[in-house]
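Trainee: Hi! I would like to learn how to read a structure, one feature at a time. Could you guide me through this one?

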Amino acid sequence: MIRMILRAVLWLVPVAVYIAIFLILEVEQNATFWTSVLVLAFAYVMLAVSFVAVPRSRIAAILAMPLILVASIYFTAELIAASIFIYVPDIPYPWVIITQLILAALFLVVFLTTMSSNEAIATQIETQHADVLVIKSAVTRITALGRVAHDPRLAKSLEGLAEEFRYSPTMRSNQVREVDAQIAVQLERLESLVHIQASQEETVGQIAAISGALASRNEAIKLRQ
């Protein structure tokens with residue numbers, strides 16, 4: 001908790017220094033001054049949030065740039081705008097408000113859209129990893145079933161199925177998404193049948209179903225390549 005407070009204080013130091021410079025220069029502290037400082041502080045906070053809260057590995061779909069870069073551009077634009085408004089006293093206050101609102105609105109639209117895109121991308125990546133993990137872990141899971149199988153012929157069938165998974169591609173393809181999900185369900189069903197010592201006919205039938213789904217999946221990936 002103390003460390004988080006110290007980090008927050010450190011993040012606010014540059015803004016405090018920025019305000020102190022204008023105070024030293026005896027710049028008039030009017031509505032334009034405080035509006036520009038507050039909006040700049042907001043831009044700086046958003047920069048800090050994007051830097052700390054958003055993983056850098058996630059790339060925003062919109063504008064094809066990381067969120068930290070979007071926030072940096074907004075902060076730079078606000079820094080320039082705030083400095084101009086403070087140093088040039090002849091600019092009418094309504095123009096200051098309008099300009100700041102337009103910049104903030106544009107940033108918020110990009111920020112929220114980017115966050116939504118990043119979450120969608122992250123969810124898709126997690127789903128893909130989960131599907132690939134099913135294929136990768138199948139060899140270990142089926143081999144373990146072969147060790148507990150009481151019938152030698154069933155153990156042999158399980159060994160053959162494990163070999164089929166061993167030499168199956170683990171690459172992800174949208175064309176086989178449904179098949180991967182189907183295989184995951186079938187593997188769970190197979191584990192259940194083996195552990196409850198179901199009839200050999202039912203268990204072998206489940207093995208054949210998984211083998212057929214796996215062959216269909218591998219063929220679809222092969223044709224795609």
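Mentor: Gladly! Let us begin with two rings: both Tyr 74 and Phe 107 are buried. Keep in mind that this is a predicted model.

Trainee: Which relative accessible area does Tyr 74 have, and why does Tyr 74 count as buried?

Mentor: Buried means under 20% relative accessible area. Tyr 74 has a relative accessible area of 5%, so Tyr 74 is buried.

Trainee: How are the rings of Tyr 74 and Phe 107 arranged?

Mentor: For a ring pair, look at the distance between centres and the angle between planes; planes under 30 degrees apart count as stacked. The centres of Tyr 74 and Phe 107 are 4.3 Å apart and their planes are at 10°, so this pair is stacked. The two rings also link distant parts of the chain: Tyr 74 sits in helix H3 and Phe 107 in helix H4, 33 residues apart.

Trainee: How many aromatic pairs does the structure hold?

Mentor: There are 4 aromatic pairs. One of them joins Phe 42 and Tyr 74, with 6.3 Å from centre to centre and 80° between the planes, which makes it edge-to-face. Phe 42 belongs to helix H2 (residues 31-53) and Tyr 74 to helix H3 (residues 67-87), so this pair ties together parts that are 32 residues apart in sequence. Phe 42 itself is partly exposed, with a relative accessible area of 31%. Put the ring pairs together and you get a cluster of Phe 42, Tyr 74 and Phe 107.

Trainee: Let us turn to charges. What is the idea behind a salt bridge?

Mentor: Side chains of opposite charge can pair when their charged atoms come close. In this structure the count comes to 4 salt bridges.

Trainee: Which residue forms a salt bridge with Arg 189?

Mentor: That is Glu 202, and the closest N and O atoms are 2.7 Å apart. This pair links distant parts of the chain, as Glu 202 is in helix H7 (residues 200-224) and Arg 189 in helix H6 (residues 177-195), 13 residues apart. Glu 202 is partly exposed at 37% relative accessibility, and Arg 189 is partly exposed at 38%.

Trainee: Where in the chain do Arg 166 and Glu 163 lie?

Mentor: Arg 166 and Glu 163 are 3 residues apart in helix H5 (residues 152-166), so about one helical turn separates them. Their side chains meet in a salt bridge of 3.0 Å, N to O. Arg 166 counts as partly exposed at 43% relative accessibility, and Glu 163 is partly exposed as well, at 31%.

Trainee: What is the N to O distance between Arg 153 and Asp 151?

Mentor: Here the salt bridge spans 3.7 Å. Arg 153 counts as exposed at 59% relative accessibility, whereas Asp 151 is partly exposed at 22%.

Trainee: Is Leu 112 buried or exposed?

Mentor: Exposed means over 50%, and Leu 112 has 56% relative accessibility, so Leu 112 counts as exposed. You will find Leu 112 in helix H4 (residues 93-148). The C-alpha atoms of Leu 112 and Leu 67 are separated by 10.0 Å, while the two residues are 45 residues apart along the chain.

Trainee: How many helices and strands are in the protein chain?

Mentor: The protein chain has 7 helices and 0 strands. Of its 225 residues, 35% count as buried. Its accessible surface comes to about 13,700 Å², and 66% of that belongs to carbon and sulfur atoms.

Methods:
Residues numbered from 1 in each chain as written. Predicted model: local features only at pLDDT ≥ 70, side-chain atom pairs only at ≥ 80, totals over all residues. Heavy atoms only, no water. Helix = DSSP H or I, 4+ residues; strand = E, 2+ residues; numbered from the N terminus. Buried < 20%, exposed > 50% of the residue type's maximum accessible area, 1.4 Å probe, protein only. Areas by Shrake-Rupley, 256 points an atom, 1.4 Å probe, with all protein chains shown as cover. Phe/Tyr/Trp six-rings, centres within 6.5 Å; stacked < 30°, edge-to-face > 60°.
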